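User: I would like to go through this model by question and answer. Please keep the replies short.

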Amino acid sequence: MLNEFKDFIAKGNVMDMAVGIIIGAAFTAIVTALVSDLINPIIGLFMGGIDFTNMYAVLSGNVAAGASLEAARDSGAAVFAYGSFIMAIINFLIIAFVVFMLVRYVNKAKEAAAAKEEAAEEEPAGPTELDILTEIRDALKK
């Protein structure tokens, strides 16, 4: 059973998947930083300085007016953090768009390689040995 597990792990698909997951986690951190540090301030600027990350509604409990989401959560109040949800949607849309662009690029590269390969296959190969022998025979007959 241990040998089967080693064989399973050693297969290329499993290793590719592991690399993809690791790179995906790192990419998610980059996109999260992009959204929170670059995109949120721009959106906030257009929306009059509103910061989505601290947008919430108090469902129950006492929270000081203007308190941050973290302070509201720390006070033990039940909060409906719709700003965090909006940020998650923005993160998802950016990640989905970048993944779409990567897949699109990879597909175009594959299509170009396939077209090049087809063109190479369609090019006429030089004359075959039989063609050359036939030409020699015909030349000798004359």
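User: How much area does the protein chain expose, and what share do carbon and sulfur atoms supply?

Analyst: This is a predicted model, where local features need pLDDT of at least 70, side-chain atom pairs count only at pLDDT 80 or more, and totals for chains, interfaces and linings use all residues. Residues are numbered from 1 along each chain as its sequence is written, and side-chain values use heavy atoms, with hydrogens and water left out. Accessible areas come from the Shrake-Rupley method with a 1.4 Å probe; for residues, only the protein chains shown count as cover. The protein chain exposes about 11300 Å², and the share from carbon and sulfur atoms is 67%.

User: Why is the protein chain described as more spread out than a compact globule?

Analyst: The elements run α-α-β-α-β-α-α from the N terminus; helices (H or I, at least four residues) and strands (E, at least two) are DSSP runs, numbered from the N terminus. The C-alpha trace spans about 110 × 55 × 20 Å along its principal axes. The globule rule (2.2 Å times the number of residues to the power 0.38, with the radius taken over C-alpha atoms) is the yardstick. It gives 14 Å for 142 residues, and the chain is well over that, so it is more spread out, with a radius of gyration of 31 Å.

User: What percentage of the residues in the protein chain is buried?

Analyst: Buried means under 20% relative accessible area, exposed over 50%, and partly exposed in between (1.4 Å probe, protein chains only). Of the 142 residues, the buried ones make up 13%.

User: Which residues make up the largest nonpolar core?

Analyst: A nonpolar core is a set of buried Ala, Val, Leu, Ile, Met, Phe, Trp, Tyr and Cys residues joined through side-chain atoms within 4.5 Å. The largest has 7 residues: Tyr-56, Ala-67, Leu-69, Ala-72, Ala-77, Val-79 and Ala-81. A second, separate core of 6 residues includes Val-31, Met-87, Ile-90 and Ile-94.

User: Which residues form a nonpolar patch on the surface?

Analyst: Patch residues have over 30% relative accessible area and no salt bridge; like charges are joined within 9 Å, nonpolar side chains (Val, Leu, Ile, Met, Phe, Trp, Tyr) within 5 Å. A salt bridge is a side-chain nitrogen of Lys or Arg within 4 Å of a carboxyl oxygen of Asp or Glu. The patch has about 440 Å² of accessible area together, from Phe-85, Ile-89, Phe-92 and Leu-93.

User: Where is Ile-89, and what is its relative accessibility?

Analyst: Ile-89 lies in helix 4 (residues 82-122). Ile-89 counts as partly exposed, because its relative accessibility is 37%.
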